[in-house]
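Please find below my notes on the model, set out as numbered points. They take up ring pairs, salt bridges, surface patches and backbone angles in turn.

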Amino acid sequence: KETEEVFKVKKSSYSKKIVKQLKKEYKEDLEKSKVRTEVNSPTDVEPPLEKTGQIKDIGQEDGTANSEHGEEEMEVESEKEEEKPKVGGAFSSALSSLNVLRPGEIPDAAFIHAARKKRQMARELGDFTPVDSEPGKSRLVREDENDASDDEDDDEKRRIVFTVKEKSQRQKIAEEIGIEGSDDEALVAGEQDEELSRWEQEQIRKGINIPQACIYQPAEVNNLYYQNTYQTLSYGSSYGIPYTYAAYGSSETKSQKTDNTVPFKTPSNEMTPVTIDLVKKQLKDRLDSMKELHRANRQQYEKHQQSREDSTKAIERLEGSSGGIGEQYKFLQEMRGYVQDLLECFSEKVPLINELESAMHQLYKQRASRLVQRRQDDIKDESSEFSSHSNKALMAPNLESFGRDRVIYQEQVKRRTAEREARRARRRQAREQTGKMADHLEGLSSDDEETSTDITNFNMERDRILKESSKVFEDVLESFYSIDCIKSQFEAWRSKYFASYKDAYIGLCLPKLFNPLIRLQLLIWTPLEGKCRDFETMLWFESLLFYGCEEQEQVKDDADISLLPTIVERVVLPKLTVISENIWDPFSTTQTSRMVAIVQKLIDGYPSVVNAENKNTEMLLKALLLRMRRTLDDDVFMPLYPKNILENKNSGPYLFFQRQFWSSVKLLGNFLQWYGILSNKTLQELSIDGLLNRYILMAFQNSEYGEDSIKKAQSVIACFPKQWFANLKGDKTISQLENFCRYLVHLADTIYRNSIGCSDVEKRNAREHIKQIIKLLASIRALDHAVTVANDHNVKELKILIEGK
């Protein structure tokens, strides 16, 4: 009947031979299981254990002592996995006690077999209900359905260790014949029975294996096999521990059944006998280990002591040095705040200083421009007045036909003429009072007199600018605008912490820092005026003179040593550049001499000024050359008159001609004062090519040949620097003076021709004039021309004249 229920298949799908063979194999397996059930009574059979690889609680703890017994048990258990429940009295008794199983009690094989049969019968009758729906079912069945409402069931689930599910015999047969689970209800039921049986056996094995424990014996203890003792002892007593099922809810201790059980070997409790030598050896070993430990601890202690001493010394050293570092940090923080405040102050005040400086420069520039314009107007007026080719249209260009602009122009000319004559009269009167009237020549004096109105306006504007300059720092503390206070701050930094002072490049920053304060003091400083104070006597110069010059040894490449030269380069030179370009008048001998003196002083006393890479010096020299060229092009004028007009020495054209000639000679001398500052090539280009050959030689040709021309030639040659001719080699002078030398030769010939047929006195005077011309030629190293003049006029004292030059 069981065979027919399990193998309900469609006979049409499989051959009868295969079905018959499967039924035969199944019957043989069933008979084998019955035989094993009869050999081992259901009341004496222990629950089968899983394979050794699946045992989680005790299989790995039994040790080597129980290996043989474990192998025998595993063989018995593997056979019991497929056994079938036995029918008979045991089955009926177990079936009657299905509902009387106490909580925590482990069911035996008969009980399990009866439970299976009952469930199988219910399936056949068709009234099968779930296991958890019956109130009398055991806790094992309820845990299979995952009832999480009971706390004890949760605890049981945590103890369950499921193994890998193996396929049952019926599943293997079904896979071989290719029966699907959905087509065979009996096969599905068999699989459920097999799964339930496996779960029940797993729970039984866990309940039995819990109290077991593994006792490891020493290697030297011999393991003995006591079969008789094992049979008389309870299950847990052989291990020396109480056997209890308290974890499963049972409060009483159960003993293991000893009937019909397989005996196993137990480890011996005997120990190696203790001797005095063994005790001594153990004590000695222990003493040696303690000594070794003490030695290691001693070394560690000494190491910690040394580390402590080093740390103490480091702390003392750092504490000793931290005071200075703290003070340095505090000082540098104060300096940082002071410098930031100083820079913020300068950022507001420097624009005001720049405006005041520009206003002062503009004031001086207007005065200088006014004087230059007046001189140019006077030259135009006199030239128009004494020109033989002048007419009314030329005198007053761009005039209306009605003559209204001509009237205004004539009035302006008359006013300028009256003012010009008045200034000349006052200068003439001043020379008469000083006794210089005899040596004075018209045109050598500078016409730089100003009217009282111009002087008053100039002074008022200058005073206003000075008053404004005094209010620049009136709302600032003295420590932020006084050069002495600022200098003392940085001197303290330099003396205390020179390393940080040098790393901050303070020596390079100080010239720029003092720049606005020094420019404010140099606001009215103009070296072209006679009452101008020398900048080296000013307060800022005296205050910074000894900065960085302590008694200690100077550091190499110390930037503070060049503090003053750098300030002069960055402050004084730019101011001189502005003065040269806008205020200096090259026609004024006094201004030129003062300008040359201040520049020469800077070159001699401040090496950085002479540096070829100095941009400020280069800009100053360019400004000087620009001003000289502009004067040469705009202010120099040489009139040309017939000789009959110049014969009258009291006439206006003659005086105007003489005045223009001597003013040109004076300008030549002013140009040549820059010898040693400007290059020789530049000076020769300006003075000789631009002035002498272009204007002065023209005046020589219109002059009277005689003593007056020789005097003028001597004045021109006196302007030349002697160094030009000192290093010349040969008999020729510089190439630019060839025209002047030819004029002197022509002058000697003219004087000689004019003396022919005259009295002896005139001839003697003419001869003296020729000798003077030879001296002039020898003085400018034109020896070839001097020899020619001497040979032409039979002058035998040539050697004396040349050496006496």
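**Notes on the predicted model**

1. F720 counts as buried because its relative accessibility is 4%, where buried means under 20% relative accessible area, exposed means over 50%, and partly exposed covers the range in between, with a 1.4 Å probe and protein chains only. W724 is likewise buried, at a relative accessible area of 5%. The ring centres of F720 and W724 lie 6.2 Å apart with their planes at 25 degrees, so this pair is stacked; rings of Phe, Tyr and Trp (for Trp, the six-membered ring) are paired if their centres lie within 6.5 Å, and planes under 30 degrees apart count as stacked, over 60 as edge-to-face and the rest as tilted.

2. On the basis of the calculation, this is a predicted model, in which local features need pLDDT of at least 70 and side-chain atom pairs count only at pLDDT 80 or more, whereas totals for chains, interfaces and linings use all residues. Residues are numbered from 1 along each chain as its sequence is written, and side-chain values use heavy atoms, with hydrogens and water left out.

3. How many aromatic pairs does a search of the whole structure find? The search finds 21. One of them joins Y364 and F458 in an edge-to-face arrangement, at 5.2 Å centre to centre and with 80 degrees between the planes. This pair links distant parts of the chain, since Y364 belongs to helix 11 (residues 276-386) and F458 to helix 14 (residues 452-470), 94 residues apart; helices are DSSP runs (H or I, at least four residues) numbered from the N terminus. Both Y364 and F458 are buried. Elsewhere, ring pairs connect W525, F535, W540, F541 and Y606 into a cluster.

4. The structure holds 29 salt bridges, a salt bridge being a side-chain nitrogen of Lys or Arg within 4 Å of a carboxyl oxygen of Asp or Glu. Between E357 and R519 the closest N and O atoms are 2.6 Å apart. E357 lies in helix 11 and R519 in helix 17 (residues 506-521), so this salt bridge ties together parts that are 162 residues apart in sequence. Are E357 and R519 buried or exposed? Both are buried.

5. Two further salt bridges each lie within a single helix. In helix 11, D285 and K281 are four residues apart, about one turn of the helix, and their side chains meet at 3.3 Å, N to O; D285 counts as partly exposed because its relative accessibility is 40%. In helix 26 (residues 707-719), K712 and D708 are also four residues apart, about one turn of the helix, and their closest N and O atoms are 3.3 Å apart. K712 counts as buried, at 0% relative accessibility, whereas D708 is partly exposed, with a relative accessible area of 28%. Salt bridges that share partners also join D378, E382, R420, E421, R423, R424 and R659 into one network.

6. On the surface, E25, E28, D29 and E31 form a negative patch, and V274, L278, V279 and L283 make a nonpolar one of about 350 Å². Patches are made of residues with over 30% relative accessible area and no salt bridge, like charges being joined within 9 Å and nonpolar side chains (Val, Leu, Ile, Met, Phe, Trp, Tyr) within 5 Å. E28 is found in helix 2 (residues 16-39) and counts as partly exposed at 40% relative accessibility. V279 is found in helix 11 and, at 35% relative accessibility, also counts as partly exposed.

7. Which backbone angles might a colleague wish to look at? Phi of Y505 is near 55 degrees, a positive value in a residue other than glycine; Y505 sits in the loop between helix 16 (498-503) and helix 17 and counts as exposed at 54% relative accessibility. Phi of R781 is near 65 degrees, again positive in a residue other than glycine. R781 is placed in the loop between helix 29 (760-779) and helix 30 (783-792) and, at 25% relative accessibility, counts as partly exposed.

8. A last loop residue is N614, found between helix 21 (607-610) and helix 22 (615-634). N614 is buried, with a relative accessible area of 3%. The C-alpha atoms of N614 and R570, which are 44 residues apart along the chain, are separated by 9.9 Å.

Note on methods:
Areas by Shrake-Rupley, 256 points an atom, 1.4 Å probe, with all protein chains shown as cover. Lys, Arg positive; Asp, Glu negative; His and termini not counted. Charge placed at Lys NZ, Arg CZ, Asp CG, Glu CD. Helix = DSSP H or I, 4+ residues; strand = E, 2+ residues; numbered from the N terminus.
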